[in-house]
Amino acid sequence: MPTSATTQTVLSRMMASSATMAASNKLINVNASNGDYKVWEDPSFIKWRKRDSHVSLHCHDSVEGSLKYWYERNKVDVLVSKSAIWDDDAVSGSIECAKCWVQDLPFVKSLSGYWKFFLAQSPATTPPNFHDTVFQDSTWESIPVPSNWQMHGFDRPIYTNIIYPFPLDPPHVPDDNPTGCYRTYFHLPKEWEGRRILLHFEAVDSAFHVWINGAPVGYSQDSRLPAEFEITEFCHECGSDKKNVVAVQVYRWSDGSYLEDQDHWWLSGIHRDVLLLSKPKVFIADYFFKSNLAEKCSYADLEVEVILDKPTTDVKIEVTLFDINTNESTNLLSTNVACLDIQQPPHYPLGFHGYKLAGKLHNPKLWSAENPNLYTLVVSLKDSSGNIIDCESCQVGIRQVSKAHKQLLVNGHPVIIRGVNRHEHHPRIGKTNIESCMVKDLVLMKEHNINAVRNSHYPQHQRWYELCDLFGMYMIDEANIETHGFDLSKDFKHPSKEPNWATSMLDRVIGMVERDKNHACIISWSLGNEASYGPNHAALAGWIRGKDPSRVVHYEGGGSRTSSTDIICPMYMRIWDCVKIANDPNEPRPLILCEYSHAMGNSNGNIHEYWEAIDRTFGLQGGFIWDWVDQGLLKESGNGGKYWAYGGDFGDTPNDLNFCLNGLVWPDRTPHPALHEVKYCYQPIKISFTNGVIKITNTNFFQTTKELEFNWAIEGDGCKLDSGILDLPTLDPQSSYDIKWESGQWYSSWTSSYFAEAFLTITAKLLGPTRSLQSGHVVSSQQLELPMKKNSITLVPKTKETMLNWETVDHKLTIRQNISEIIFNTESGAIESWMVEGVPVMLKGITPCFWRAPTDNDKGGEADSYFTKWKAANFDNTHLNKENSTVKNISDHLLEVTVTYSVDSEKSNGLFKVDMKYSFHSSGDVVLVCNVNPKPDLPPLPRVGVEFHLEKSINNVKWYGRGPFECYPDRKAAAHVGLYEKTVDEMHVPYIVPGECSGRADVRWVAFQNKEGSGIFASIYSNSPPMQLNASYYSTAELHRATHNEELVKGDDIEVHLDHKHMGVGGDDSWTPCVHDTYMVPPLPCTFAIRLFPFGCGFEHIDLRLQLFIPLKLGFRWLILTVKKVEGQESLSGMNSSNRKSIASKPPNSLDLRPSSHELRNPQTLF
């Protein structure tokens, strides 16, 4: 058998040979003062006594033990996510989780727990000899390990996006370099006697030295990969009462920090688990599983490369594949599906000095994100007597990643990447991980049809990979390399072009690949992020392609089209430019956006346009949204509460403010409204309605629709008419089924009804539970607008005609209509108050409005931003000047008031000319027609609409339009048209940084009422299109003023906006103006009309109305349901006898006066 060192060992020794020669002298200077050599500022010295990178080791004592370990470890599903914790309990939870991960491993011991801790301001001020065994640490504080020390009151978090948090002077870092000193103790069990001891750090930020019993045992950099040291000779004997002392000195800044300039919080310390591993004298040091699928996937050729720590001829290696995931018995050993045989040296790859075993698996269960089938690989080392010396294992998947013209293939199919970028982030414990929280992320991703994740921008906790293997998630694994801050300076040559940085860059790539190479979920390796491009990247790509040709290489730097990437992977490229590249006949690579749809605050507009193009364009294969979670950190406020903090909130400078808040979910994983839109765009079952044909397409590549139930429901004007189960044949992957809509079960309901608009909703639900989803989960949902009815009838209001009373006193026009009283100020030209049955309803309004509280996207672009242009035009500081008004008595039942406004600012008059004509009807109706004439040189408008203020108790909102969640003109595809109801508080969307929020798109009508039932109804009128609705206790000015949601102060009333036009929220990125033209509001003249109506809690008059949207030449009419008192009993006009009986028994505030489906199909019953 070969006895020379492994290729990787030789390479790593060559990389650090000069540094290793002087290692002892350098370690003496760990507390170097100014002018002395500092190891943490030497890019050529990145590790000392650190073992070669390898797969995660579990140190089993038997094959059966390894199988039991994975059998139990795989018992994780959606229920685990329900125990995710995001508050202070996460501190203890992270420690318990770290211990749990190594439970039942006889030769692994977790050192996680509370360690003694002292934070020095610099390496020079650390306590002298604190690593000695006799050092007294009783006065030190305690800190949990794993953790980031900034999350426990030491030092402060710093958030930057691009700029380094220290002066750019590579490889030097500030002398003021916070340095954490850690101490803890351990005993070695008697059972470990005669074995080798390894000290394993999963990750430490950013560099560290470690001592055992006062002796230096190693140094390491790279904040996101393991560092492992052999400490056998430094430990007290196993079973001894003597405690072993571990001392660690962690540097916040090191030369490695120049390679770790990612867009996230700078947090320091031992933030992943610390383990003791016990191994025999000769042990399995590493192994690499490979599979190659035969044509038509009838079998797979299996290969495993095994490396022993001390190669010898006196041992035997066995490799076996098991299928324990389908085993229902306790005999796990019986699940053996393949045994691999040792291959002789002539069959070894060039330069490989380990052992190679090969075998074959017939009819393999393939792994994909849709069907994540896993096998358990067990590698055993036996002595000459057949006794197991060592045993290692992992989960593996049989799958093949390959390339075709403009396609990335998984198992021969061009899978579509419906992805997100994910940072490791916990609002309480920073970069530390808890399993239930990772599972929560995966469950949420699966619930919203996300099938891929990019580890941005560094290797993550090893359990994350195991969970992605289990749950089924395609992954880009990314090296811990980002040097974005160099882009701001011309004084230094970029590390990607500097030979002295090549060692460190290559070490990070090697460490990632060697640790993670057996994970089925990884389909691509990434060279890092935003680190420019240079010859060092070519070297990294070359090493990966030589080491692992079974995956593709990804790197965006250098324009996303260099020779070092197998995928065209731009970030934030506009969709039309993506299409151009996809259509370029000279570009053979697929395009997958590594970042797109920047989810900062109220964002992700236009995402449906990306997916319309992706679905129809060969060569476009998806992308990864930026990003998954708002990186807010829990911070105590002055009043004892807590809030989500962002850059600058900790007094950190420099900082990039709230640019860390780019998530689809809040820090506690509550979904943003935009996540609904993502789910819709990503849904695998696509449904379309064209030329009378409903097409249902299964876009999956590996799953049929056998496990889905399809349901349908038809609604007319918001009222449910009928529903049922849609009987479909099972759709194979990539197949479709056509239904002529006249032949559907819904057609009779449509033909026999008299509504104005109708929608058919088809949903696909899970018949049974999966690992990540519960039974009944809606996988896909599509609402289809049905043809307009030609025979819809005209329904006119049934109102009691009364005389209209009005009078004018001191510029106050008082109008008494039916149950309401309106005071109109003729001097200001606006309603001063509106009373319904003596109850104040409207306190102020109705006035034109063109301003919105700017969103993060509105502010992006500096001088070119929408916000800057709006400010320059003084949209945020306008006032109304009434130019004239007229009052005209048309009849005893109708009064018209016309007001002309000039919307002025301090710098400019006549920004807008607005004519508002009110028609006050004796029935109570108020029809408002607005003519708006903006100055043509104005920038695009935030909104065009009206604003009014309701009494704060009028806080129940019912509307017919899109919902129920927040939606905007460019982010509404997921929001179905329907009838919805929420309180004003429930409508508020608490983005961490306030701005325009809580809108609802395409609203036909809305009713505001208090708990007694009094309120105001508003609808579109005449030919006006549906409105954008907003109702909030927070004024536009307040949303603009506050910098955190917790700072918002509720007003004394409810501010309501009914917008004729509202600009989209954008989201292609957040630093350029990027709302698409379709969703802009140009400064052009427009006219719109709104009809308002009061309703009260009494029954003498009209209680509520339902708009049926009957199309008429002169506008819309609606049915009014009337409730009257007749001899002390309630009589419901417009209801049949059965509805009268059921409704009369309900209290007024719970009445649902919507017509039944029978009544909609037979409107004569309503009269």
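**Pocket, sheet and confidence**

Visitor: How do the residues lining the second largest pocket divide into nonpolar, polar and charged?
Guide: This is a predicted model. In the lining of the second largest pocket, seven residues are charged and 14 are polar. The nonpolar residues number 19.

Visitor: What volume does the second largest pocket have, and which residues are closest to its centre?
Guide: The volume is about 990 Å³. The lining of this pocket holds 40 residues. Closest to the centre are Ala 369, Glu 370, Asn 371, Pro 372 and Gln 703.

Visitor: Which helices each supply at least two residues of that lining?
Guide: Two helices meet that count. One spans 435-447 and the other 462-471. They are helix H7 and helix H8.

Visitor: Which strands are the edge strands of the open sheet formed by nine strands?
Guide: The strand order is E41-E42-E43-E44-E45-E50-E57-E56-E53, with antiparallel pairing. An edge strand pairs on one side only. That leaves strand E41 (805-809) and strand E53 (1000-1003).

Visitor: Which residue in E44 stands opposite Ile 823?
Guide: Strand E43 covers residues 820-825, and strand E44 covers residues 830-836. These two strands pair in the antiparallel sense over six bridges. Opposite Ile 823 stands Ser 833.

Visitor: Where is the pLDDT below 50, or under 50?
Guide: The mean pLDDT of the protein chain is 90, and 89% of its residues reach 70 or more. Residues 1-25 have pLDDT below 50, with 36 contacts beyond near neighbours in sequence. Another stretch stays under 50 and has 174 contacts beyond four places in sequence. The stretches are residues 1-25 and residues 1098-1167.

Methods: Residues numbered from 1 in each chain as written. Predicted model: local features only at pLDDT ≥ 70, side-chain atom pairs only at ≥ 80, totals over all residues. Heavy atoms only, no water. Pairing = 2+ DSSP bridges. Helix = DSSP H or I, 4+ residues; strand = E, 2+ residues; numbered from the N terminus. 1 Å grid on protein atoms, 1.4 Å probe; cavity = no way out; pocket = protein on both sides within 12 Å on 5 of 7 lines; lining within 4 Å. Points joined across faces, edges and corners; volume = space filled by probe spheres on them. Nonpolar A, V, L, I, M, F, W, Y, C, P; charged D, E, K, R; others polar. pLDDT = per-residue confidence, 0-100. Contact = heavy atoms within 4.5 Å.
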